[in-house]
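Student: I would like to learn how to read a protein structure that I have not seen before. Could you take me through it, one feature at a time?

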Amino acid sequence: MTWRYCNGEFSHEPVLLEEALRILDPHPGGIYLDCTVGGGGHAEAILSVGGKNARLIGIDRDKEILRSCRKRLNIFGGNVELHCDRFENIHEVLGGRKVDGILMDLGVSSFMLDDPERGFSFMADGPLDMRMDRSQTLTAGAVVNGYTQKKLAAIFKEYGEERYAARVARRIVKQREEKRITSTLELAELVKSAIPRSGARRIHPATKIFQALRIEVNGELEELESAITAAVDHLSPCSALAVISFHSLEDRIAKRVFARLAKGCVCPPGLPVCICHIKPKVRKLSGKPIRPRHTEMEKNPRARSAKLRAVERTSRSEESFA
């Protein structure tokens with residue numbers, strides 16, 4: 001997602017909007033869930049296209065962003081229901097309700113990236129924070145200054161897919177022995193000094209390290225698989241779930257969960273007939289992920305890494321679970 005600042009408020013410019021609307025197909029009287037409602041860009045479009053009596057339930061963990069979202073969606077009155085929560089808590093938020101379409105727009109918003117005080121970016125100096133929910137205690141500073149060298153290397157490798165994870169971790173530990181690392185630019189320069197220069201490098205050397213820290217601080221991947229599964233369980237028959245991801249780890253999880261739910265049968269290979277009687281819960285709506293159009297990427301460079309995967313819940317007549 002991306003944002004612009006206008007008239008004292010942050011306005012959400014959603015990524016892959018037309019593609020998401022085509023998949024969700026909002027209609028009058030439909031109920032839709034935006035698991036990462038943010039500033040309400042996708043939500044506003046869903047309600048506008050859905051028309052009369054379309055309803056939207058939105059979830060976001062950031063109270064500040066949610067306040068802006070409430071103002072933006074105020075024109076829809078009682079057709080909007082917003083919850084300050086994590087999207088992993090879909091069961092609790094919906095309370096058994098079924099919905100006619102679900103959107104998950106993953107990753108960090110540009111609103112957070114562009115605010116130096118949130119500490120998500122190395123483009124401007126700020127504190128090592130990176131919390132999406134400011135009420136939590138764990139910060140990027142606590143991770144950088146408190147984790148062991150072995151644990152730092154592990155998260156840089158797993159969450160950042162950083163080739164030089166061990167070298168960066170070693171340099172951080174050596175530096176913090178002299179003084180605590182407190183700012184984004186300080187950390188970025190430290191990472192840059194630890195990674196060998198490469199003429200082929202297209203991104204800042206600290207990009208993957210900052211991604212890994214953000215994922216660790218916010219637990220972004222811990223519950224994603226179960227959250228996607230729970231989202232499917234709350235879909236009405238023949239309704240769609242769209243997941244927009246911004247890095248390979250998120251996309252990999254979505255791809256794996258969708259493949260599992262579309263497969264159904266879990267019988268051991270070689271059995272002549274199925275004995276588990278588990279039918280597919282979903283049908284995949286696209287083989288390869290949907291990418292932003294060239295015009296969108298030109299307008300919003302941060303959309304370049306976005307990928308959309310979508311599934312449709314099977315009809316009741318197709319379902320038979322053990």
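Tutor: Let us begin with the secondary structure, keeping in mind that this is a predicted model: the protein chain has 13 helices and 9 strands. Its radius of gyration is 21 Å, close to the 20 Å that the globule rule gives for 322 residues, so the chain is as compact as a globular protein of that length. Along its principal axes, the C-alpha trace spans about 65 × 60 × 40 Å.

Student: What percentage of the residues of the protein chain count as buried?

Tutor: Of the 322 residues, 52% count as buried, while the accessible surface of the chain comes to about 15600 Å², with 51% of that area belonging to carbon and sulfur atoms. If we take the contacts between residues at least 6 apart in sequence, 70% of them join residues at least 24 apart.

Student: How should I read a single helix, and which residues of H11 are buried?

Tutor: The general idea is that an α-helix has 3.6 residues a turn, so residues three or four places apart point the same way. In this structure, helix H11, which runs over residues 224–233, is mostly covered, with 7 of its 10 residues buried; these are Leu224, Ala227, Ile228, Thr229, Ala230, Ala231 and Val232.

Student: Which elements do the buried residues of H11 pack against?

Tutor: They pack against two helices, H4 (90–94) and H12 (248–263), and against the strands E6 (99–105), E7 (235–245), E8 (282–284) and E9 (307–313).

Student: Why does Thr229 count as buried?

Tutor: Thr229, which is found in helix H11, has a relative accessible area of 18%, and buried means under 20%, so Thr229 counts as buried. Leaving aside its neighbours within four places in sequence, Thr229 is in contact with Val257, Arg260 and Leu261.

Student: How does one find empty space in a model, and how much space lies in the largest pocket?

Tutor: Rolling a probe the size of a water molecule over the atoms shows where empty space is left. Here, about 1200 Å³ of space lies in the largest pocket. Of the 28 residues that line this pocket, the closest to its centre are Ile203, Thr207, Phe246, Arg302 and Ser305. The elements that give two or more residues to the lining are helix H5 (110–113) and helix H10 (207–218), and the largest share, 5 residues, comes from H10.

Student: How do the residues of that lining divide by character?

Tutor: The lining of the largest pocket divides into 10 nonpolar, 10 polar and 8 charged residues.

Notes: Residues numbered from 1 in each chain as written. Predicted model: local features only at pLDDT ≥ 70, side-chain atom pairs only at ≥ 80, totals over all residues. Heavy atoms only, no water. 1 Å grid on protein atoms, 1.4 Å probe; cavity = no way out; pocket = protein on both sides within 12 Å on 5 of 7 lines; lining within 4 Å. Points joined across faces, edges and corners; volume = space filled by probe spheres on them. Helix = DSSP H or I, 4+ residues; strand = E, 2+ residues; numbered from the N terminus. Nonpolar A, V, L, I, M, F, W, Y, C, P; charged D, E, K, R; others polar. Rg over C-alpha atoms; globule rule 2.2 N^0.38 Å. Buried < 20%, exposed > 50% of the residue type's maximum accessible area, 1.4 Å probe, protein only. Contact = heavy atoms within 4.5 Å. Areas by Shrake-Rupley, 256 points an atom, 1.4 Å probe, with all protein chains shown as cover.
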